[in-house]
Amino acid sequence: MRNQRPTVLITGCSSGLGLETAVELAARGRHVVASMRDPGKRAALDARTREAGLDPLDVVQLDVTDAGSVARAVKETLELTGGRLDALVSNAGTASGGAFEDTDEAEWQRVLDTNLLGAMRLTREVLPVMRAQRAGRLVLVSSDSARYGNPGLSLYCASKWALEGWAESLAYEVEPFGVRVVLVEPGNYDTAIWETTPRVVPPDSAYTGLLEAVERFVETEHLPRSRDPREVARAVAGVLEARRPRFRVTVGPDAKLATVLGALPHRVTAAAVRRVTGLHRWRP
């Protein structure tokens, strides 16, 4: 018998936004298949599901940078859900801190492979199922960094800007098949991404002072204001429950401010970014 509960596959569920989204959607009655690169790291997810009074969630191994892993994970998901997939939440992401000139192609590829190409691989794998159903939701977790540039985060911003351009184009193609694309743009939330973000700062970097200013801002202003990731989880749930969700859903005060900044003339936005990060005081 086909699974009667709405089904959803979520990436990046070992921590942060993916973990909280998995728990939130399961609590709302969905059959959640939580994926992560290393299922051996599911302890935090299991702890949160117990805390929420839920049964353990189905977990599959999925590395979005590996096409073979993507195909296997989708196949296993469909076996668990009775062949139906109502929604995909592409949440897995990574970042990179450093001045662009100090990075190399391997680092460019690492960030783009996860944040952009990974979402593409997974979307292409699930689209035949959703088209056959004539229904489905593709929820892509973007960022307020898709709205304006950030010094020291050029690779991350590039990946999110590209993700949004691809998603907006894709939406036209799949909507006639009953498949809806939604971008969720969180602001500053308490996740592990910044703890695991590599900092690329060579000893002879011409940008050391700039990066030190940015790092001070992140440590003293940005991270202390990080919000509860369950807010984002509830926003994703709202997207899946809405009859006609908006194409872009901003979450948190930072993201709403980013919407305003992104609409202003560049010189105004740039002056604000320099002032907030302390770059207005830096000279090489």
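In this predicted model, the side chain of Ser-159 makes a polar contact of 3.0 Å with the side chain of Asn-115. Ser-159 has its place in helix H5, and because its relative accessible area is 0%, it counts as buried. Once the neighbours within four places in sequence are set aside, the residues in contact with Ser-159 are Val-111, Leu-112, Asn-115 and Leu-116, so that the partner in the polar contact, Asn-115, appears again in this list.

Helix H5 itself has 21 residues, and the distance from its first C-alpha to its last is 30 Å, close to the 30 Å that is expected at 1.5 Å a residue. Its buried residues include Leu-155, Tyr-156, Cys-157, Ser-159, Lys-160, Leu-163 and Glu-164, and further along the helix Trp-166, Ala-167, Leu-170, Ala-171 and Val-174. For Cys-157 the relative accessibility is 5%, and the residue is therefore classed as buried.

Ahead of this helix comes a loop, between strand S6 (136-141) and helix H5 (154-174), and Ser-145 is found in that loop. Is Ser-145 buried or exposed? With a relative accessibility of 7%, below the 20% under which a residue is called buried, Ser-145 counts as buried. Its side chain is joined to the side chain of Asn-150 by a polar contact of 3.4 Å. Apart from neighbours within four places in sequence, Ser-145 is in contact with Asn-150, Tyr-156, Cys-157 and Trp-161, and of these Tyr-156 and Cys-157 are among the buried residues of H5.

Asn-150 also offers a way to place a residue much later in the sequence. The C-alpha atoms of Arg-274 and Asn-150 are separated by 9.3 Å, although the two residues are 124 residues apart along the chain. Arg-274 lies in helix H10 (residues 266-277) and, at 45% relative accessibility, counts as partly exposed. Not counting residues up to four places away in sequence, Arg-274 touches Leu-279 and His-280.

From here the path leads to the strands on either side of H5. Strands S6 and S7 run parallel and are joined by 6 bridges, and one pair of bridge partners consists of Leu-140 and, in S7, Leu-183. The chain passes from S6 through H5 to S7 in a β-α-β crossover that is right-handed. Strand S7 also pairs with S9, in the parallel sense and over 4 bridges, and here Leu-183 has Arg-248 of S9 as its bridge partner. Because 7 of the 8 residues of S7 are buried, this strand is largely enclosed by the rest of the structure.

Helix H8 (residues 230-241) is another element that packs against these strands. Its 12 residues should span 16 Å at 1.5 Å a residue, and since its end C-alpha atoms are 16 Å apart, the span agrees with that expectation. Buried in H8 are Val-232, Ala-233, Ala-235, Val-236, Ala-237, Val-239 and Leu-240. The buried residues of H8 pack against strand S1 (7-10), helix H1 (16-27), strand S4 (87-90), S6, strand S7 (179-186) and strand S9 (248-251).

A last point concerns the cysteines. How many disulfides does a search of the whole structure find? The search finds 0 disulfides. Cys-13, at 0% relative accessibility, is classed as buried, and Cys-157, at 5%, is also classed as buried.

How values were computed:
Residues numbered from 1 in each chain as written. Predicted model: local features only at pLDDT ≥ 70, side-chain atom pairs only at ≥ 80, totals over all residues. Heavy atoms only, no water. Helix = DSSP H or I, 4+ residues; strand = E, 2+ residues; numbered from the N terminus. Buried < 20%, exposed > 50% of the residue type's maximum accessible area, 1.4 Å probe, protein only. Polar contact = N/O pair within 3.5 Å; in protein donor to acceptor, adjacent residues only side chain to side chain. Contact = heavy atoms within 4.5 Å. Expected span 1.5 Å × (residues − 1). Pairing = 2+ DSSP bridges. Right-handed = clockwise from strand over helix to strand, strands pointing away. Disulfide = S-S within 2.5 Å.
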